[in-house]
Amino acid sequence: REQDERDGRVYALLPSQQYDALGGQSNQAFEFKPFSDWPWPTVIRPTISLDGTKLFMGGMESLVAGWIPRNGETSVTDLIAGEPAWELALQKSDMNPFKPISNPMSISSDGRRLYAVGGGVQIMCIDTESGTSLWSEDDEFTSFVAPPLLAEREGATSVIYSAEYTSGNIRQNDATSGARLWTYNCGANSCPSIEADFSVSGSGNF
């Protein structure tokens, strides 16, 4: 939207239900549905569970919020617009405490765990129902420039990958317990060492 029309709201884009038979208007148009008046500006896309029933946003001051079905809703577009079910503050940046969450979040396939990095040096696993931290890992010597990526592997431990901005290290953590499984240095020897996103294959390789 144009700068002077921004209102801080979250919108859902839905197929229009209107059809003008006499005017011959197609019903393939779309309409915007105001979703929430959450007052925290965001710079990342929303994260939605695979079943479409939960929505999460990251905003200023490393704040995460979750909209969760509480009254029998079957999708995020059915949720009542307004306040989120919960809010959780992640670790803030020491240099800029107002810094927003700038990396998209990852969610488990069952929709029960959300993975996020704040403006500081922390990666956190969040219980999506309660909005409480299940585990977190801090490192005072680094920050993150890429989103944490989840690899759920059949018959093997699910893991979360993260890339350290200043050191050039790649981490692999147990997605359930948070235990560090290994760290690999990309060989970068300058700062910043990592400035781009990364990918995980279908088999769970980095």
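Two strands are said to pair if DSSP finds at least two bridges between them. The strands themselves are DSSP runs (E, at least two residues), numbered from the N terminus. The model examined here is predicted, so local features need pLDDT of at least 70 and side-chain atom pairs count only at pLDDT 80 or more, while totals for chains, interfaces and linings use all residues. Residues are numbered from 1 along each chain as its sequence is written, and side-chain values use heavy atoms, with hydrogens and water left out.

A good place to start is the hairpin of S4 and S5, where three residues lie between the strands and Glu61 takes a positive phi near 60 degrees. Strand S4 (residues 55-59) runs antiparallel to S5, and five bridges join the two. Within this pairing, Phe56 stands opposite Gly66. S5 also pairs with S6, again in the antiparallel sense, over four bridges; there, Ala65 has Glu87 as its bridge partner. Strand S5 (residues 63-67) is mostly covered, with five of its five residues buried (under 20% relative accessible area, 1.4 Å probe, protein chains only). Leu63, Ala65 and Trp67 point one way from S5, whereas Val64 and Gly66 point the other way.

Next comes the packing of nonpolar side chains. A nonpolar core is a set of buried Ala, Val, Leu, Ile, Met, Phe, Trp, Tyr and Cys residues joined through side-chain atoms within 4.5 Å. The largest such core has 14 residues, and those touching the most other members are Phe56, Val64, Trp86, Leu90, Met105, Leu114 and Ile126. Two or more residues each come from strand S6 (86-89), strand S8 (113-117) and strand S9 (122-127). A second, separate core holds eight residues, among them Tyr115, Ile123, Trp135 and Ile160. Not counting residues up to four places away in sequence, Ile126 is in contact (heavy atoms within 4.5 Å) with residues including Val64, Trp86, Leu88 and Leu114.

Further along the chain, Asn173 lies in strand S13 (residues 169-174) and counts as buried because its relative accessibility is 0%. The side chain of Asn173 makes a polar contact with that of Glu137 at 3.1 Å. Such a contact is a pair of N or O atoms within 3.5 Å; within protein, one must be able to donate a hydrogen and the other to accept it, and residues adjacent in sequence count only if both atoms are side-chain atoms. A polar atom of the Asn173 side chain also lies 2.9 Å from the backbone oxygen of Gly178. Val159, found in strand S12 (residues 159-163), is likewise buried at 0% relative accessibility.

Terms used
Buried means under 20% relative accessible area, exposed over 50%, partly exposed in between (1.4 Å probe, protein chains only).
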